[in-house]
Amino acid sequence: MKLLVCVTQTPETTANISFNADNTEFNTTGVNFIMNPYDEWYALVRALELKEAQGGSVTIINVGPATNDTVIRKGLAIGADDAVRINAEPKSSMFVAKQISEYAKQGNFDMVISGKESIDYNGASVAAMIAEYLDLPFISFGTKMEVNENIAIINRDIEGGEEVVEVATPFVLSAAKGMAEQRIPNMRGIMMAKRKPLNIIEPVAFDDPVAVVGYTLPSAKSAVKMVDPEDMDELVRLLHEEAKII
Amino acid sequence: MVLVYAESPKGQFKKSAFEAVTYGKMVADVMGKSCAAIVIGNAENAGQLGKYGASKVIQANGTFEDFDSQVFSTVIANVAKEIGAEVVIVNHSSSGKSLLGRLAVKLDAGSVSGVNSVPTIDGSFKVKKNVFSGKAIAEFEVKTSIKVLSLIGNSFPPAESGVDVSVDSTDATAPTARVTVKTIQTVEGTVPLPEAELVVSAGRGMKGPENWGIIEELATVVGATTACSRPVADIGWRPHHEHVGQTGVAIRPNLYFAIGISGAIQHLAGVNSSKVIVVINKDPEAPFFKAADYGICADLFDVVPKLTEAFKKFNAAQ
Ligand SMILES: Cc1cc2nc3c(=O)[nH]c(=O)nc-3n(C[C@H](O)[C@H](O)[C@H](O)COP(=O)(O)OP(=O)(O)OC[C@H]3O[C@@H](n4cnc5c(N)ncnc54)[C@H](O)[C@@H]3O)c2cc1C
Ligand SMILES: Nc1ncnc2c1ncn2[C@@H]1O[C@H](COP(=O)(O)O)[C@@H](O)[C@H]1O
């Protein structure tokens, strides 16, 4: 199996979110960046398990600047064989998808696996775009995958339940919780990662169809109103008359 | 023209379809255009979409038993081209999310997923969505002539605007699905979490799965869907699909009860867009109180049954 895993970098969950003076750019000062959890824990680890079971290779791909190399090396330390970084500032999902699919076209991959969504822009868009550029089937939010020869049986999350689908390779998959268990890189992996290839490729020309023009912070929540635990009628009254929610 | 894809799983529209058409009509009004809706496969009474503002419903006939993103996006894109749609709207649902990207590529369109506001169109087309798991709002400019948007649930309640509606059937041609659906399992009888308006959620403060009876009773009396924190799903006290938060389902109900949940940032990431949050926790320092509208500092085992009783009284008086 030749597997391509899309990996992006996101601010850590607990990061303080702030913007520059005119609120047009995210302020990265003091922000710790991590590998997007869905990509690291689920997409990458499931790909590694498949390779371990059936042979083949796992390639990591990222669209981003050189500052992303730390996160890419971590992916190599967890066990990917090699990595590709398309050297560009990712500003829209479609730009990212275009770059990844141009690379994937030449690689004859059996699967392209992404995370369910990035935890910064929460787009959940890139994988479907890659699938469309490559004219491949797309299975979103996979929580479990069994592979037999070239046939995959995949469980996927749907509203209030789950669907089980069957699909033949090649295809595009986005991975959600359940797909695999997080792996912590060990010392040997970290040492080996230094010698694994990380190829830098220049992007193909493509205009971003969308752009962020401004950010705002949500309006501050008013202070919590504490209700007497002995008076639940009062809580119900408040929900009905004040919050007008029931 | 604005084109809305109205989902009709098992031949029935859900509230989300009416929300999408309501939103489509609002977008169309801003643009001075009209709103059309497309229905794929069977749908009981497709004309009812007119109530929410669709002046034209296009019913695409064919064998569309199961959802497949390649098949459905082809059908929608073909209709969008035929009627010259400038904006195509889908729900930010499990199907909608797999359609948005495909439609964007097929239509050479810029897309914004999970929008929660009506676009502004003076000079350029701009629309907002929450980013950083609800910690900020970003405004996107879409520069292409066609735009694809997915609407996040519970942003715009279905509103009747009542226009004259025509329903046209067309025979849709689409590629054969390359994904075969083998089974579909959904919880029956309750509203799925992503669509629920009222949610009762509980965490590790419950001490064990055997104690969930009081949560289920409260949920039944309130008419709410149950949810849980991640550790509770991880140790198997509750089913995986109830897990809300950053790694689980993101929800935005009108009312969220957080019972015996500490309020870790990763939990808040999935629930902080709820309109009203009620926190029940015995620890006055629990971080969740900072994100709450109403707080009760007490032992949940005392307070939840009392709350259920109060709701029963309220229901009886209504
Ligand atoms: C990358 C990452 C992603 C994560 N994603 C998620 C996610 O998606 N969703 C999620 O929920 N978590 C997530 N977590 C875990 C999160 O950080 C917290 O550990 C988790 O939310 C805590 O769950 P809890 O509040 O149920 O348990 P605890 O933190 O143990 O809190 C239990 C609470 O119950 C209260 N309590 C105890 N007994 C009683 C009683 N008798 N009456 C009243 N109150 C009582 C306590 O005061 C306490 O506040 C994630 C963590 C990481 C690192
Ligand atoms: N810049 C990027 N480089 C590589 N993969 C990416 C990039 N951005 C997003 N992805 C992949 O696409 C998935 C969904 O991202 P998004 O559509 O932005 O929510 C992520 O989980 C990644 O697997």
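**Exercise 1. Polar partners of ligand 1**

How far is a nitrogen atom of ligand 1 from an N or O atom in the side chain of T247(B)? Determine this distance in the predicted model, and then describe the surroundings of ligand 1.

*Solution.*

Step 1. The distance between a nitrogen atom of ligand 1 and an N or O atom in the side chain of T247(B) is 2.7 Å. A polar contact requires a pair of N or O atoms within 3.5 Å, and the pair at T247(B) lies 2.7 Å apart.

Step 2. Consider further polar partners. The side chain of K207(B) has an N or O atom 2.8 Å from a nitrogen atom of ligand 1. At S262(B), a polar backbone atom is 2.7 Å from an oxygen atom of the ligand.

Step 3. Consider the whole site. Ligand 1 has 27 residues around it, and those that come nearest are S229(B), T247(B), S262(B), Q266(B) and H267(B). The site is shared between chains, because residues from chains A and B surround ligand 1.

**Exercise 2. The site of ligand 2**

State how many residues surround ligand 2 and identify the closest. Then examine its oxygen atoms.

*Solution.*

Step 1. Ligand 2 is surrounded by 19 residues, of which C6(A), D39(A), S118(A), A124(A) and S125(A) are the closest.

Step 2. One side chain is to be noted: a polar atom of N36(A) lies 3.1 Å from an oxygen atom of ligand 2.

Step 3. Turn to the backbone. A polar backbone atom of G123(A) is 3.1 Å from an oxygen atom of ligand 2, and for A124(A) the corresponding distance is 2.7 Å.

**Exercise 3. The interface of chains A and B**

Describe the contact between chain B and chain A, beginning with its extent and ending with the strands that pair across it.

*Solution.*

Step 1. In chain B, 86 residues are in contact with 77 residues of chain A. The buried area between the two chains is about 6900 Å², and carbon and sulfur atoms give 59% of it.

Step 2. Count the polar links. There are 8 salt bridges between the chains; D233(A) and K313(B) form a salt bridge with an N to O distance of 2.6 Å. Polar contact joins 34 residue pairs across the interface.

Step 3. Examine the side of chain B that touches chain A. Helix α3 (residues 94-106) of chain B gives the most to this side, with 9 residues. The residues of this side comprise 38 nonpolar, 29 polar and 19 charged.

Step 4. Locate the paired strands. Strand β13 (residues 225-226) of chain A pairs in the parallel sense with strand β15 (residues 294-297) of chain B, over 2 bridges. Within β15(B), Y294(B) is the bridge partner of K225(A).

How values were computed: Residues numbered from 1 in each chain as written. Chains lettered and ligands numbered in written order. Predicted model: local features only at pLDDT ≥ 70, side-chain atom pairs only at ≥ 80, totals over all residues. Heavy atoms only, no water. Contact = heavy atoms within 4.5 Å. Buried area = accessible area lost by both parts, 1.4 Å probe. Salt bridge = Lys/Arg side-chain N within 4 Å of Asp/Glu carboxyl O. Polar contact = N/O pair within 3.5 Å; in protein donor to acceptor, adjacent residues only side chain to side chain. Helix = DSSP H or I, 4+ residues; strand = E, 2+ residues; numbered from the N terminus. Nonpolar A, V, L, I, M, F, W, Y, C, P; charged D, E, K, R; others polar. Pairing = 2+ DSSP bridges. Near = heavy atom within 4 Å.
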